[in-house]
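Subject: Structure handover

Hi,

Here is the structure for you to look over. My notes are below it.

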Amino acid sequence: MISFASDYVAGAHPKVLNKLIETNMEILSGYGSDKYCLSAAEKIKKACACPDVDVRFLVGGTQTNQIIIDTMLDSHEGVIAGTTGHISAHEAGAVEYTGHKVITIPCENGKIKAADVKSTLKNFYEDDSYEHMVFPGMVYISFPTEYGTIYKKSELEQIYYVCKEYEIPLFIDGARLGYGLASDECDITLEDLVTLCDVFYIGGTKVGALCGEAVVFTHNNAPKHFLTKIKQHGALLAKGRLLGVQFDALFTDELYFKISRHAIILAGKMKEIFVEKGYSFFIESPTNQQFIILDNKKLEEISSKVNISIWEKYDNTHTVVRFATSWSTTEEDLEYLKGIL
């Protein structure tokens, strides 16, 4: 069945898979010390236009979010995130499992505001009993957000300014980073991102890889003994080559950016189909995730013919449904969708 349920429903981009096959019989060192991990890291540094960033490879988004947050925070600290943020709503309490509270603040269209971050930090330190509370030690956002929206450069600058004022890191979850950077509404580049946060990651799982995320520490600020701490979390691959080979392929000839753009172009065409058919959008998303309000009877009909993702209840007779394109979506998929709407 054709699927618009998510952007990781297919395996790997053929060029990534071919690279894994081509290198399969090579004898390589383990734990990310092989030549492909080193090559991929250098290619990512070049793409970031910053040779001083520290690049590390992890297996998936939840592991990456948990490990970065846990290793960068002290035991008494928590992380500020929006109420709809991924770590707040869709990771089964993975961050709290490590002992760090997720301190939620309001969202608007999936995004948090610098003013709300500032207010949260200001109110915390103005409370005479703050020593008895969980310290806000980091700010977390995702780019794009859970609702497919993206932050403008000015918004990131404002949030980061507050973080620097209070001397806490800004962490950007980039599980879908490629789709955000490829959006027509995006006004930042990968090079800009290096200057707008303390750590981010380049998502591979959702953007052409079988698995894997490339973490970028922007100020030579990786936690001390980070490799050891990854292993303590049970997330260190002996065959780290599996990640390095994939990112080496993704960052050859700008493949990562090309396939991301493909998903955005097809998302635009999908939006046109929904508009033409008279459907209503729950939120205006400029990326690969589109949120449509469906009558529940129509939802039942459509979901019997394509895989889609139920997002949230809209009212008693309507549901918000996510349709996602990806690097693997085809024009034929859209034609089929158009025929059943």
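What follows covers one strand with its neighbours, then one helix pair.

This is a predicted model, where local features need pLDDT of at least 70, side-chain atom pairs count only at pLDDT 80 or more, and totals for chains, interfaces and linings use all residues. Residues are numbered from 1 along each chain as its sequence is written, and side-chain values use heavy atoms, with hydrogens and water left out.

Strand β4 spans residues 135–142, and 8 of its 8 residues are buried, so the rest of the structure largely encloses it. Buried means under 20% relative accessible area (1.4 Å probe, protein chains only). Helices (H or I, at least four residues) and strands (E, at least two) are DSSP runs, numbered from the N terminus.

β4 pairs with strand β2 (residues 77–82) in the parallel sense, over 4 bridges. Pairing requires at least two DSSP bridges between the strands. Val-79 has Met-138 of β4 as its bridge partner. β4 also runs parallel to strand β5 (residues 170–173), again joined by 4 bridges. There, Ser-142 is bridged to Asp-173 of β5. With helix α7 (residues 153–165), β4 and β5 make a right-handed β-α-β unit.

Now the helices. α2 (residues 35–47) packs on α11 (residues 241–250) at about 40°, with the axes 7 Å apart. The two are therefore oblique to each other, a class for angles outside under 35 degrees (roughly parallel), over 145 (roughly antiparallel) and 65 to 115 (roughly perpendicular). Residues in contact (heavy atoms within 4.5 Å) include Tyr-36 and Ile-44 in α2, and Val-245 and Phe-247 in α11.

Best wishes

Conventions. Buried means under 20% relative accessible area, exposed over 50%, partly exposed in between (1.4 Å probe, protein chains only). A crossover is right-handed if, with the strands pointing away from the viewer, the path from the first strand over the helix to the second runs clockwise. Axes are lines fitted to C-alpha atoms, for helices over the stretch in contact, and angles run from 0 to 180 degrees between N-to-C directions.
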